[in-house]
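Hi,

Here is the structure I said I would pass on. Have a look at it first, and then read my notes below.

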Amino acid sequence: MKFETKLAELGTSPEKHEGAVNTPVYRASTILFESLADFELSEKGQYTKGFTYGRYGTPTVRALEQAIASIEGAQRAVITPSGLSAIVATLMAFLKAGDHLLMVDTVYGPTRRTCEYELKRFGVEVTYYDPTIGAGIEALIQPNTKMVYLESPGSLTFEVQDVPAIVKAAHAKGVLVAGDNTWGTPYYYKALELGMDISIHSATKYISGHSDFVMGTIACNEELYNTLIKTVRNLGMSVSSDNCYLALRGLRTLAVRMPRHFESALKVAKWLEGRPEVEKVLHPALPGAPGHELWKRDYTGACGLFAFQIGKRSRDALAAMLEGMEHFGMGYSWGGFESLLIPVSPEKIRTAKAWDYDGVTLRIHVGLEEADDLIADLDAGFARLAKHA
Ligand SMILES: *Cc1c(COP(=O)(O)O)cnc(C)c1O
């Protein structure tokens, strides 16, 4: 079955829901057992007929889990309360005191904070590695290395990682490979086919697509799932059926929305490349961009998120540009229908390899608006920027 067809059919079972096309929202904490025998089976963790307690899922949650597993090409999937909690659960499920983690230097900032403030506190050793390391990762693998963690392209700076090369080196030494694949989306990036053992998404972004909830997903095989689900449950992670319903609804149009984000973002990126105010555009799908060849090899498209550098600018000039934007909002997150523009500071975060740009870097999310409207908005923004130079 083609991906688009899966999106139209996944997670539906009208025969179980009075013919309703969509799996309804089951709001539940208590779920009643029919007999003492069933209750006793549940106490022993052996009840398999249905549901036992709201925290462990409802039919709505299960429908989304199955949908995610299917589009990720995985045996199983777990839904968590946020993208970050999916990351935290993965790190905690497979690492313990004395273990070593290889973490990409360009990782999403809050993931890095989890490593610094939580993992290290629990005795896990963390080494940050250059995102462009490729097969060179082998030299960093220690006898106690348990996991290599990837995020490609890099948060804020968009370096594409050579995932198959890293996977090969890691697997040769029995090391698990987990990755945050939010940028690639399950539509444009087949993380498990490329060899990752565990694929993580912030469903808050394109799976939602509508900026109205936060959620995370983890996809993997049955064996890893059995380890992972225990930790997810022991950490008390639980998702609401309401949000799972919204996620399923967002998924239906994923393959319709993504090409629009891809095309519009590329159009805006090419326009930015030609502007005198712009020193560099950081977008892996642009010919000549760092990592472009890897992107072409491993991805079938790109999302609406990238960055560009505009040199040294005064704070007043930046404020005039950003505060006057008509179609771009200033806000965290991305992947929704709306366009966003914020300044970012990658130079403050890196430790493995310095990012020595000392000008202003802007991260842009190109939403579903008409690209020409966005270009006109940016054009006017540059005019305001110039006035304050
Ligand atoms: C937003 C984001 C996350 C965290 O997701 P939340 O749902 O906000 O917790 C993780 N990784 C990447 C790459 C992100 O952009």
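To start with the strands: strand 2 (residues 100–104) and strand 3 (residues 125–129) run parallel and are joined by 5 bridges. If you want a spot to check in your viewer, His-100 stands opposite Glu-125 in strand 3. Helix 5 (residues 109–119) belongs with these two strands, and together strand 2, helix 5 and strand 3 make a right-handed β-α-β unit. Keep in mind throughout that this is a predicted model.

Now the part you will probably open first, the ligand. Where does the ligand sit? It is in the largest pocket. The residues that surround the ligand are Ser-82, Gly-83, Leu-84, Ile-87, Tyr-108, Glu-151, Asp-180, Ser-202, Thr-204, Lys-205, Met-215 and Trp-334. Helix 4 (residues 83–94) supplies the largest share of that shell, with 3 residues.

Here are some polar distances for your setup:

- Asp-180: an N or O atom in its side chain is 2.5 Å from a nitrogen atom of the ligand.
- Ser-202: an N or O atom in its side chain is 2.9 Å from an oxygen atom of the ligand.
- Trp-334: a polar side-chain atom lies 3.1 Å from an oxygen atom of the ligand.

As for burial, the ligand on its own has 380 Å² of accessible area, and the protein covers 89% of that.

Further along the chain there is an open sheet of 5 strands, in the order 8-9-12-11-10, with mixed pairing. Why do strand 8 (280–282) and strand 10 (328–329) each have one side without a neighbour in the sheet? Both stand at the edges and have a single partner strand each, so one side of each stays free of a neighbour there. Within this sheet, strand 9 (residues 305–309) pairs with strand 12 (residues 361–365) in the antiparallel sense, over 5 bridges. Gln-309 stands opposite Thr-361 in strand 12, if you want to line the two strands up by eye.

Last, some backbone geometry in the loop between strand 4 (145–151) and helix 6 (163–172). Pro-153 lies in this loop, and the peptide bond leading to it from Ser-152 is cis, with omega near -5°. Leu-156 is found in the loop between strand 4 and helix 6 too. Its phi is near 75°, which is a positive value in a residue other than glycine.

That's what I have for now.

Cheers

Methods. Residues numbered from 1 in each chain as written. Predicted model: local features only at pLDDT ≥ 70, side-chain atom pairs only at ≥ 80, totals over all residues. Heavy atoms only, no water. Pairing = 2+ DSSP bridges. Helix = DSSP H or I, 4+ residues; strand = E, 2+ residues; numbered from the N terminus. Right-handed = clockwise from strand over helix to strand, strands pointing away. Near = heavy atom within 4 Å. Polar contact = N/O pair within 3.5 Å; in protein donor to acceptor, adjacent residues only side chain to side chain. Areas by Shrake-Rupley, 256 points an atom, 1.4 Å probe, with all protein chains shown as cover. 1 Å grid on protein atoms, 1.4 Å probe; cavity = no way out; pocket = protein on both sides within 12 Å on 5 of 7 lines; lining within 4 Å. Sits in = over half its atoms within 2 Å of the grid points.
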